[in-house]
Amino acid sequence: MSSDPVVEMQGVDVVRGETHLLRGIDWTVEADQRWVVLGPNGAGKTTLLQLAAAQMHPTRGEVTLLGETLGAVDVFELRPRIGLTSAALAQRIEPGERTGDVVLSAGYAVVGRWRERYDVHDLTRAAMLMQQWGVTPMAHRPFGTLSEGERKRVQIARALMPDPELLLLDEPGAGLDLGGREDLVSRLTDLARHAYAPAQVLVTHHVEEIPPGYTHALLLRGGEVVTAGPLEQVVTQEALSETFGLALQVQRADGRWTARRAA
Ligand SMILES: Nc1ncnc2c1ncn2[C@@H]1O[C@H](COP(=O)(O)OP(=O)(O)OP(=O)(O)O)[C@@H](O)[C@H]1O
Ligand SMILES: [Mg+2]
């Protein structure tokens, strides 16, 4: 693909007080790539996603998203082009809101804002996305009554509603049971393989959650990139062990990964 990179970070630091949340980050995501970001608690994964979502500015360095450089662009114009799901955003959804409306209202970005009328295109797209993410049967129920797995799928459908050019998923597998995780992985696999789907970045702690069809990985530890690049080159025993500070045995079978403490 010859278009601009979707995400380009050069020499990026994020500093709060004395603490470097991120240090010296160089990272490029192209439109046809699907990235997984792995790292332990506190590594800086959510901070990295906040930058990629135009929700935060770097302290130093340059972040260019969809051809627009942060600091030189109106972020309110940029944000609707980027879909984001995270636990923090889920908390901002009103528990009493009808699930169908949670998806439908996403086109009008700001959480809680309401439009009195939606056009046929919006309604059709919301229905299609709810079908795709398996939440059509819950359309009329309040969001607060859904299970964790259902909420995660509603959030992804909502993030896709404005047809974003970049989709950022911060730990969509957290809190899911085994069946829920496998269901999510297979839906994410379909999305990853779809030629017209947006560029995707998935943050997780678990290599078991890497959907087949993902192409690249970035390993983060203590705010710094351990290694980044094509998935097979990056998700290795050595690099994962270094990232998590623990000797790990890593295996790949049928396009799926597993990791456990080395014997
Ligand atoms: N405003 C702040 N001031 C100081 N430290 C902060 C601030 N915000 C975040 N941090 C710290 O920065 C580090 C990185 O946070 P971040 O949320 O990006 O990590 P993470 O990789 O997403 O972790 P987790 O896997 O637990 O979600 C953490 O140690 C966090 O406590
Ligand atoms: Mg996080």
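**Exercise 1. Strand β6 and its partner**

Find which residue in β7 stands opposite threonine 85, then work out how β6 and β7 pair.

*Solution.* Start with the pair itself: threonine 85 has leucine 169 of β7 standing opposite. Keep in mind that you're looking at a predicted model. Next, zoom out to the strands. β6 covers residues 82-85 and β7 covers residues 166-170, and the two pair in the parallel sense over four bridges. Finally, check where the β6 side chains go. Ile82 and Leu84 point one way, while Gly83 and Thr85 point the other way. Both sets are buried, so threonine 85 is buried too.

**Exercise 2. The shell around ligand 1**

List the residues that surround ligand 1, sort them by character, and pick out the polar contacts made by glycine 42, glycine 44 and threonine 47.

*Solution.* Step one is the list: Arg16, Leu21, Pro40, Asn41, Gly42, Ala43, Gly44, Lys45, Thr46, Thr47, Glu171 and His205 surround the ligand. Step two is the sorting, which gives three nonpolar, six polar and three charged residues. Step three asks which element gives the largest share of the shell, and that's helix α1 (residues 45-52), with three residues.

Now for the contacts, using a cut-off of 3.5 Å between N or O atoms:

- Glycine 42 puts a polar backbone atom 2.8 Å from an oxygen atom of ligand 1.
- Glycine 44 also uses its backbone, with an N or O atom 2.9 Å from a ligand oxygen.
- Threonine 47 uses its side chain, where an N or O atom is 2.6 Å from an oxygen of ligand 1.

To round this off, ligand 1 has 650 Å² of accessible area on its own, and the protein covers 57% of that.

**Exercise 3. A hairpin and its sheet**

Trace the hairpin of β1 and β2, then place both strands in their sheet and say why β2 and β5 have one side without a neighbour.

*Solution.* Begin with the pairing: β1 (residues 7-16) and β2 (residues 19-29) run antiparallel and are joined by seven bridges. You can follow this residue by residue. Valine 12 has isoleucine 25 as its bridge partner in β2, and valine 14 stands opposite leucine 22. Two residues sit between the strands of the hairpin, where glycine 17 takes a positive phi near 65°.

Then step back to the whole sheet. It's an open one of four strands in the order β2-β1-β4-β5, with antiparallel pairing. β2 and β5 (68-69) are at the edges and have a single partner strand each, so one side of each is left without a neighbour in the sheet.

**Exercise 4. Two residues of helix α7**

Decide whether threonine 189 and alanine 192 are buried or exposed, and find what each one touches.

*Solution.* Take threonine 189 first, which lies in α7 (residues 178-193). Its relative accessible area is 7%, and the cut-off for buried is under 20%, so threonine 189 is buried. The side chain of threonine 189 reaches the backbone oxygen of valine 185 at 2.7 Å. Setting aside residues up to four places away in sequence, threonine 189 touches Pro211 and Pro212.

Alanine 192 is found in α7 as well. With a relative accessible area of 6%, alanine 192 is buried. Beyond neighbours within four places in sequence, its contacts are Arg34, Gln200, Pro212, Gly213 and Tyr214. From alanine 192 to threonine 215 you go 23 residues along the sequence, with 9.0 Å between their C-alpha atoms.

**Exercise 5. Positive phi outside glycine**

Locate aspartate 163 and glutamate 171, give their phi values, and classify how exposed they are.

*Solution.* First, the background: most residues other than glycine have a negative phi. Aspartate 163, in the loop between α6 (148-160) and β7, has a positive phi of about 55° although it isn't a glycine. Glutamate 171 is in the loop between β7 and α7 and has a positive phi of about 50°.

Now the accessibility. Aspartate 163 comes out at 51%, and so counts as exposed. Glutamate 171, at 25%, is partly exposed. Glutamate 171 also links back to Exercise 2, being one of the residues around ligand 1.

Conventions:
Residues are numbered from 1 along each chain as its sequence is written. Chains are lettered from A and ligands numbered from 1 in the order in which they are written. This is a predicted model: local features need pLDDT of at least 70, side-chain atom pairs count only at pLDDT 80 or more; totals for chains, interfaces and linings use all residues. Side-chain values use heavy atoms; hydrogens and water are left out. A residue is near a molecule or strand if one of its heavy atoms lies within 4 Å of it. A polar contact is a pair of N or O atoms within 3.5 Å; within protein, one must be able to donate a hydrogen and the other to accept it, and residues adjacent in sequence count only if both atoms are side-chain atoms. Accessible areas come from the Shrake-Rupley method with a 1.4 Å probe; for residues, only the protein chains shown count as cover. Ala, Val, Leu, Ile, Met, Phe, Trp, Tyr, Cys and Pro count as nonpolar, Asp, Glu, Lys and Arg as charged, and the others, Gly among them, as polar. Two strands pair if DSSP finds at least two bridges between them. Buried means under 20% relative accessible area, exposed over 50%, partly exposed in between (1.4 Å probe, protein chains only). Contact means heavy atoms within 4.5 Å.
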